[in-house]
Amino acid sequence: MRYNVLLIICIVVVLLLILFISKLHILITSKVKNEHIKVDLRIKYFFNIININIPLYPTNKKSGKNKKGEVKRNRSIYNSSLKEIKVVFGLLKRVKIEEIYIDINFGSENIPFTSFIYVFINFIYANIINIIDSNKVYLNVKPDFTKNFINCDSKIEIKPTIKDIIIISIAIYKIYIKINKGKRNGGNIEIDKLNKKSYGDNI
C-alpha cells in the first residue's frame, strides 16, 4: 500500500513537471479585406489535446464613450505605467517566436501615396527582422497603382512555456493593480519598478 502511494505521487509529480515545462502553441491570425477585418486566437497544448479557438475581432461588445475628464485621467495613468510596460516587453523577449507571416497586397490610384506606403511598410519589415528573433519569417508587400483596395494575411506563432505565462501574467497583474489604484486616487499613482530579480535579467 505504501509503495502504491509513493508511485502515484511520483507519477503526479512527473505529470506536473511535464505540464510546467511543456510549451503552448499560440497562433494569432488576421485577415483584412478592405473594410472587413477578422482576428483569431488559437491555443494548442499538451499534444494538441487542448485546442481552443477564440475570435478576437470582431466582437459583440460595444465600447462606451469616455468623458473628457476620464480620458485625461486615464492618459496620465497609462503614461505613468510606461516603466512597468517596458519591463513586460523585456519579459516577452524570453518567449520563443516560431513564425511570423505577413502578406500585404494594397493599391491606390494616388501613385505618390502608394509609393510612400510601400516604402513605409518595407521600413517596418526591416525593423521587424532586426528586432524579433524568429525561426521562420515571411514578409511580403505588393503595391498596385491602378485600383483602391487592401488585402492582408498575417500569422504569428509563439511557443511560451507555462513558466513564461505565469511570470508575464504576474507582471501584467501588477500593472493592472497600479492602474486601478490610480483610477481610485484620481489618476495620481506612485511608480515602483517591478522586481526584476524575481524574473531574472530580461532587459
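These notebook entries record what I looked up in a predicted model of a single protein chain.

**Entry 1: overall architecture**

I began with the secondary structure and counted 6 helices and 6 strands in the chain. Read from the N terminus, the order of elements is α-β-β-β-α-α-β-α-β-β-α-α. I then looked up burial: of the 203 residues, 26% are buried. The accessible surface of the chain is about 15,100 Å², and carbon and sulfur atoms account for 62% of that area. For the contacts with a separation of 6 or more, I noted that 72% join residues 24 or more positions apart.

**Entry 2: confidence**

I checked the pLDDT before turning to individual residues. Its mean over the chain is 75, and 67% of the residues reach 70 or more. Residues 66-73 stay under 50, and the model gives this stretch 5 contacts beyond four places in sequence. Residues 188-203 are also below 50 in pLDDT, yet this stretch has 34 contacts beyond near neighbours in sequence.

**Entry 3: V95**

Where does V95 lie? I located V95 in the loop between α3 (82-92) and β4 (96-107). I classed V95 as buried because its relative accessible area, 11%, is under the 20% cut-off. Setting aside neighbours within four places in sequence, I found V95 in contact with I158, K159, P160, D164 and I168. For one of these partners, P160, I also looked up the separation: V95 and P160 are 65 residues apart in sequence, while their C-alpha atoms are 5.1 Å apart in space.

**Entry 4: cysteines**

I looked up two cysteines, C10 and C152. C10 is partly exposed, because its relative accessible area of 46% falls between the 20% and 50% limits. C152, at 13% relative accessibility, counts as buried. How many disulfides does a search of the whole structure find? The search returned 0 disulfides. I note for reference that a disulfide is a covalent bond between the sulfur atoms of two cysteines.

**Entry 5: nonpolar surface patch**

I next examined a nonpolar patch on the surface, with an area of about 750 Å². The residues that make the patch are I28, I37, I49, I50, I52, I54, L56, Y57 and I156. Which strand gives the most to the patch? I found that strand β3, residues 50-57, does so, with 5 residues. I50 lies in this strand, and I recorded I50 as partly exposed, with a relative accessible area of 38%. I50 can belong to the patch because its 38% is over the 30% required of patch residues.

Note on methods:
Residues are numbered from 1 along each chain as its sequence is written. This is a predicted model: local features need pLDDT of at least 70, side-chain atom pairs count only at pLDDT 80 or more; totals for chains, interfaces and linings use all residues. Side-chain values use heavy atoms; hydrogens and water are left out. Helices (H or I, at least four residues) and strands (E, at least two) are DSSP runs, numbered from the N terminus. Buried means under 20% relative accessible area, exposed over 50%, partly exposed in between (1.4 Å probe, protein chains only). Contact means heavy atoms within 4.5 Å. A disulfide is a pair of cysteine sulfur atoms within 2.5 Å. pLDDT is the predictor's confidence in each residue, from 0 to 100. Patches are made of residues with over 30% relative accessible area and no salt bridge: like charges are joined within 9 Å, nonpolar side chains (Val, Leu, Ile, Met, Phe, Trp, Tyr) within 5 Å. Accessible areas come from the Shrake-Rupley method with a 1.4 Å probe; for residues, only the protein chains shown count as cover. A salt bridge is a side-chain nitrogen of Lys or Arg within 4 Å of a carboxyl oxygen of Asp or Glu.
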